[in-house]
Amino acid sequence: MSNTDAAPTEVECAASPFAGVLHPREVPLGGPRAIRVRRTLPQRERSLIGAWCFADHYGPHDVRGGTGMDVPPHPHTGLQTVSWLFSGEVEHRDSAGIHSLVRPGELNLMTAGAGICHSEVSTADTSVLHGVQLWVALPDAARDTGRDFAHYVPRPQSRGGATVRVFLGELEGNRSPVHTFTPLLGAQLDLEAGAELTLDIDETFEHGVLLDQGVLEACGEVLAVADLAYQRPGHRRLHLANRGDGPARAVLLGGTPFGEHLVMWWNFVGRSHDEIVAYREQWESHDARFGAVDGYRGATARLPAPPLPNGRLRPRGNPAP
């Protein structure tokens with residue numbers, strides 16, 4: 001998914017002393033009739049949870065008779081994209097030659113590495129579109145790796161009145177085989193009405209709980225939809241409780257604190273202003289770094305890069321301890 005802000009700002013991507021709840025802001029995704037998404041990461045209070053550096057939550061959107069999701073080919077560098085749906089279906093095409101469908105409960109992970117471009121379009125059979133789009137920053141040693149793609153369908157595991165699906169990393173003996181370049185955790189958690197769930201977690205990880213639906217208490221806070229509760233490293237357990245009358249669903253994100261300085265602007269993750277300028281120029285000049293997407297049939301052949309800000313982009317903040 002593209003960051004479609006018309007004037008994306010420089011983002012400080014480093015650890016901060018924040019602990020609490022991050023509330024989302026709404027941004028449009030696509031053209032003038034675009035669906036709106038709720039963006040929780042990055043924010044000034046906290047830009048990273050482990051290497052997770054971007055989180056959009058969208059839907060449920062009734063897209064019958066509308067445009068649905070139609071994101072033309074756009075570039076990425078220095079990251080992995082993680083697509084996870086609750087309902088609907090999205091067609092993915094990228095410049096590594098991958099053509100795949102994103103379906104509910106199935107992980108699609110794309111590695112941009114040194115450069116890739118891709119498109120995302122909801123299918124004609126989709127009536128309700130609902131899911132999350134996440135980005136993972138690649139560490140310096142791996143950020144110029146080659147393009148790659150992985151697909152995985154995790155098996156749901158029952159825990160009393162709860163169901164756990166681990167799509168990245170490991171949680172209580174459930175492990176995803178999908179490769180990541182830093183220690184990460186990604187899981188869907190479903191809790192029946194009145195259910196409580198206590199998870200044994202890696203105490204070296206920081207964690208975030210992103211609420212999709214229902215009323216959920218996590219990290220001692222009661223969350224609204226698209227809120228993200230943050231828990232610092234040093235905890236061995238994570239407790240969740242469904243405080244509503246219906247089911248609750250959340251996405252659990254975790255990872256070791258990411259101890260590198262980053263510059264994140266538009267769809268690029270880099271390390272300096274000059275790198276971002278070069279990436280933008282290469283995208284605008286159709287450089288081979290990003291390749292091309294075959295088979296996309298939208299009205300706009302590719303997303304143009306927005307203008308750079310007037311000042312220099314700076315990697316800021318302290319690295320994680």
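**Group meeting: a predicted model of 321 residues**

Good morning. The protein has 321 residues, and a compact globule of that length would have a radius of gyration near 20 Å; the value here is 19 Å, so the two agree. Please keep in mind throughout that this is a predicted model.

Let me begin with the overall form. Taken along the principal axes, the C-alpha atoms fill a box of roughly 55 × 50 × 35 Å. The secondary structure consists of one helix and 27 strands. Of the contacts with a separation of 6 or more, 74% are between residues 24 or more positions apart. As to burial, 56% of the 321 residues are buried. The exposed area of the protein is about 13,000 Å², and carbon and sulfur atoms supply 47% of that area. There are 29 positive and 38 negative charges, and their mean positions are 2 Å apart.

I turn now to the annotated domains. UniProt, in an unreviewed entry, places the feature "domain: Pirin N-terminal" at residues 36-136. Over residues 36-136 the chain is 0% helix and 62% strand, and the end C-alpha atoms of that stretch are 22 Å apart. UniProt also gives "domain: Pirin C-terminal", again from an unreviewed entry, at residues 188-286. Over residues 188-286 the chain is 12% helix and 48% strand, with the end C-alpha atoms 38 Å apart.

Let us look at some backbone details, beginning with the peptide bonds. Where do we find cis peptide bonds ahead of Pro42 and Pro60? One is the bond from Leu41 to Pro42, with omega near 0 degrees. Pro42 is in the loop between β4, residues 35-41, and β5, residues 52-62. The other joins Gly59 and Pro60, and there omega is about 5 degrees. Pro60 lies within strand β5 itself.

Next, two residues other than glycine with a positive phi. Trp266 has phi near 50 degrees, and this residue sits in the loop between β26 (262-265) and β27 (268-270). His286 has phi near 60 degrees, and its place is the segment after α1, residues 273-284. Is each of these side chains buried or exposed? Trp266 has a relative accessible area of 3%, under the 20% cut-off, and therefore counts as buried. His286, at 54%, is over the 50% cut-off and therefore counts as exposed.

I should like to spend the remaining time on three individual positions.

The first position for discussion is Gly208, in strand β20, which covers residues 206-213. Gly208 has a relative accessibility of 0% and so counts as buried. Which residues does Gly208 contact, leaving aside neighbours within four places in sequence? The list is Ile49, Leu228, Ala229, Val251, Leu252 and Leu253. Gly208 may also be compared with Leu48: the two are 160 residues apart in sequence, while their C-alpha atoms are 9.8 Å apart in space.

The next position is Met69, which is found in the loop between β5 and β6, the latter spanning residues 70-76. Its relative accessibility is 2%, and Met69 therefore counts as buried. How far is the C-alpha atom of Met69 from that of Val121? The separation is 5.2 Å, for residues 52 positions apart along the chain.

The last position is Thr145, in the loop between β12 (128-137) and β13 (148-152). At 27% relative accessibility, Thr145 falls between the cut-offs of 20% and 50%, and so counts as partly exposed. Not counting residues up to four places away in sequence, Thr145 touches Thr111, Ala112, Gly113, Ala114, Leu138 and Phe181. Thr145 and Gly66 are 79 residues apart along the chain, and their C-alpha atoms are separated by 38 Å.

To draw these points together: the predicted model has one helix and 27 strands, and its radius of gyration of 19 Å agrees with that of a compact globule of 321 residues. The UniProt record places a Pirin N-terminal domain at residues 36-136 and a Pirin C-terminal domain at residues 188-286. For inspection in the viewer, I would point to the cis bonds at Leu41 to Pro42 and Gly59 to Pro60, and to the positive phi values of Trp266 and His286. Thank you for your attention.

Terms used: Residues numbered from 1 in each chain as written. Predicted model: local features only at pLDDT ≥ 70, side-chain atom pairs only at ≥ 80, totals over all residues. Heavy atoms only, no water. Helix = DSSP H or I, 4+ residues; strand = E, 2+ residues; numbered from the N terminus. Rg over C-alpha atoms; globule rule 2.2 N^0.38 Å. Buried < 20%, exposed > 50% of the residue type's maximum accessible area, 1.4 Å probe, protein only. Contact = heavy atoms within 4.5 Å. Areas by Shrake-Rupley, 256 points an atom, 1.4 Å probe, with all protein chains shown as cover. Lys, Arg positive; Asp, Glu negative; His and termini not counted. Charge placed at Lys NZ, Arg CZ, Asp CG, Glu CD. UniProt positions renumbered as here; feature names shortened; annotations may be inferred.
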